[in-house]
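Hi everyone, thanks for making time today. I'd like to walk you through one model, so please have a look at it first.

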Amino acid sequence: MNKLLKISLLSIASMTTAYTAKANETHHNIHGETHHTQADAQMKEPLYQTAGVIKGIDNKQQKISISHDAIPEISWPPMTMNFIFTPVAAKVNTFKPGEAINFSFTQQGSDYILQSIEVK
Ligand SMILES: [Cu+2]
């Protein structure tokens, strides 16, 4: 009886360990997946580099409005438009409207994702 109890406690312990290991694995998978997706997106989606002036920053929507120069690669004239700044949010928060910037972005569906931003 005592032995049986020990065995069942042991199996609970190993189940817990297995569960923890699985949770860690999942956690790593999530991270791996994220990196993989980003790397994939960067390989699949071309990165466009241009310059512009910040018109506004909407922290709630994670969008930055930029009046950008023409982008010949995609036949864009100069215009003011929104970019999603989620991947570089920490950096965007140090900028202010009116600042001249160099920046890069990728397109994902109908969204334009800011990938880098620097003061000119
Ligand atoms: Cu545009």
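Let me begin with a definition: two strands pair if DSSP finds at least two bridges between them. Strands themselves are DSSP runs of E with at least two residues, helices are runs of H or I with at least four, and both are numbered from the N terminus. With that in hand, β1 and β2 pair in the antiparallel sense over 6 bridges.

Before going further, a word on what we are looking at. This is a predicted model, where local features need pLDDT of at least 70, side-chain atom pairs count only at pLDDT 80 or more, and totals for chains, interfaces and linings use all residues. Residues are numbered from 1 along each chain as its sequence is written.

pLDDT is the predictor's confidence in each residue, from 0 to 100. The average here is 79, and 64% of the residues score at least 70. Over residues 20–36 the pLDDT is below 50, and that stretch has 0 contacts in the model beyond near neighbours in sequence. By contact I mean two residues whose C-beta atoms, placed from the backbone, lie within 7 Å.

Now the layout. The protein has 2 helices and 5 strands, and from the N terminus on the order is α-β-β-β-α-β-β. Among contacts with a separation of 6 or more, 47% are between residues 24 or more positions apart.

Back to the strands. In the pairing of β1 with β2, Gly-56 stands opposite Ser-65 in β2. These two strands form a hairpin with 4 residues between them, and there Gln-62 takes a positive phi near 60°, although Gln-62 is not a glycine. β1 is also joined to β4, by 6 bridges and again antiparallel, with Gly-52 bridged to Ile-101 in β4. β4 in turn pairs with β5 in the antiparallel sense over 8 bridges, and one of the partnerships is Gln-107 with Tyr-112 in β5. That hairpin has 2 residues between its strands, and Gly-109 in the turn has a positive phi of about 65°.

Another backbone angle to look at is in Ser-75, a residue other than glycine with a positive phi near 55°. Ser-75 sits in the loop between β2 and β3 (79–84). Is Ser-75 buried or exposed? The rule is that a residue is buried if 20 or more other C-beta atoms lie within 10 Å of its own, exposed if 12 or fewer, and partly exposed in between, with C-beta atoms placed from the backbone. Ser-75 is exposed, because it has 7 other C-beta atoms within 10 Å. Gln-62 has 16 such neighbours inside 10 Å, so it counts as partly exposed.

What about the interior? Of the 120 residues, 14% count as buried. A nonpolar core is a set of buried Ala, Val, Leu, Ile, Met, Phe, Trp, Tyr and Cys residues joined through C-beta atoms within 7 Å. The largest one has 13 residues, and those with the most contacts inside it include Ile-64, Phe-83 and Leu-114. β2, β4 and β5 each supply at least two residues of this core. Leaving aside neighbours within four places in sequence, Ile-64 is in contact with residues including Ile-54, Phe-85 and Val-92.

Finally, Asn-102 in strand β4 is partly exposed, because 14 other C-beta atoms lie within 10 Å. Not counting residues up to four places away in sequence, Asn-102 touches Ala-51, Glu-118 and Lys-120.
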